[in-house]
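Good morning, and thank you for making time for this presentation. Please take a moment to look at the sequence and the structure before we discuss them.

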Amino acid sequence: MSRRYLVWALCYAAIGMALGIYMAASHNHGELVTHAHVLLVGFVLSLVYGIIHRLWLEAPRRGLAVTQFALHQVAAILMLLGLFLLYGGKASEETLAPLLGVGSVGVLLGMLLMLYMVLRPGSARSAEPGAPDRAAA
Ligand code: HEM
Ligand code: HEM
């Protein structure tokens, strides 16, 4: 799961940077908020989730991990698409409100599900230096 998150994170980074270069080149910063969230909700958050999987999640339940991944990606795409259309002036805020609402609440639920996986007994290990690694025990 950490590699899958890493690949998605790098794809968001490429898209976000391309949008940043387009904004700079066109002297039109209208999509600033979209650019910021493609990079932060897409790239940074996916990378952080990948790192959490790598460092802390020893044995997450597969169904939970797949659900959390799919929820984050689907919600992020809905939210980012909504922001792109909104800041591009392609549709009104009223039209996009359901997309942005579902997307942003989905991103939040993805975060809460990750918190649950980290707290769930038996799924996370302590990353404290010197702490016994249950996988190795
Ligand atoms: C190829 C690389 C990048 C280019 C060309 C680029 C370009 C831009 C431009 C033109 C703006 C608008 C500035 C303004 O109007 O105030 C901006 C804003 C922003 N960028 Fe980038 N960017 C790049 C990479 C990144 C990365 C890697 C991140 C974060 C991980 C990032 C996060 C942000 C944020 C948060 C803002 C909004 C700042 C504010 O609130 O004023 N950018 N970027
Ligand atoms: C549920 C997810 C999120 C929602 C609904 C949300 C919503 C918003 C809104 C409404 C703004 C103000 C936009 C404006 O200037 O008009 C904003 C700005 C910003 N958000 Fe988020 N955000 C979310 C997640 C995040 C995350 C995870 C990060 C960082 C890791 C982040 C970083 C920022 C930054 C840096 C700005 C200022 C950029 C700018 O000048 O537009 N956001 N966000």
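Let us start with a question: which residues surround ligand 1? In this predicted model, ligand 1 has around it Met17, Gly20, Ile21, Met23, Ala24, His29, Leu32, His35, Ala36, Leu39, Phe43 and Val44. The elements that contribute two or more residues to this shell are H1 and H2. H2 gives the most, with six residues. By class, the shell around ligand 1 holds nine nonpolar residues, three polar ones and no charged ones.

I turn now to the second ligand. Around ligand 2 we find Leu32, Val33, Ala36, His37, Leu40, Val41, Val44, Leu45, Ser104, Val107 and Leu108. Here at least two residues come from each of helix H2, which covers 32–55, and helix H4, which covers 93–119. The largest share again belongs to H2, which supplies eight residues of the shell around ligand 2. That shell is made up of nine nonpolar and two polar residues, with no charged residue. Please note that Leu32, Ala36 and Val44 appear in the surroundings of ligand 1 and also in those of ligand 2.

With the ligands placed, let us consider the chain as a whole. The protein chain contains four helices and zero strands, and its pattern along the sequence reads α-α-α-α. Its C-alpha trace spans about 55 × 30 × 20 Å along the principal axes. The chain has 137 residues, of which 27% count as buried. Among contacts with a separation of 6 or more, 76% join residues that are 24 or more positions apart.

Which residues have the most contacts inside the largest nonpolar core? They are Ala76 and Met79, in a core of 23 residues. Helix H1 (2–26), H2, helix H3 (62–87) and H4 each supply at least two residues of this core. H3 provides the largest share of the core, nine residues. Leaving aside residues up to four places away in sequence, Ala76 touches Val41, Gly42 and Val107. Of these, Val41 and Val107 are also among the residues around ligand 2.

Allow me to look at H3 in more detail. This helix has 26 residues and reaches 37 Å from its first C-alpha to its last, close to the 38 Å expected at 1.5 Å a residue. Its buried residues are Ala65, Gln68, Phe69, His72, Ala75, Ala76, Leu78, Met79, Leu80, Gly82, Leu83 and Leu86. The elements that cover these buried residues include H1, H2 and H4. After H3 comes Gly89, with a positive phi near 70°.

H1 may be described along similar lines. It consists of 25 residues and reaches 36 Å from first C-alpha to last, close to the 36 Å expected at 1.5 Å a residue. Buried in H1 are Tyr5, Trp8, Ala9, Tyr12 and Gly16, and these residues pack against H2 and H3. H1 is followed by His27, whose phi is also positive, near 55°.

To close, I return to H2. This helix gives the most residues to the shell around ligand 1 and the largest share of the shell around ligand 2. The buried residues of H1 pack against H2 and H3, while H2 is also among the elements that cover the buried residues of H3. Thank you for your attention.

Key. Residues numbered from 1 in each chain as written. Chains lettered and ligands numbered in written order. Predicted model: local features only at pLDDT ≥ 70, side-chain atom pairs only at ≥ 80, totals over all residues. Near = placed C-beta within 6 Å. Nonpolar A, V, L, I, M, F, W, Y, C, P; charged D, E, K, R; others polar. Core = buried A, V, L, I, M, F, W, Y, C linked by C-beta atoms within 7 Å. Buried ≥ 20, exposed ≤ 12 C-beta atoms within 10 Å, placed from the backbone. Contact = placed C-beta atoms within 7 Å. Expected span 1.5 Å × (residues − 1).
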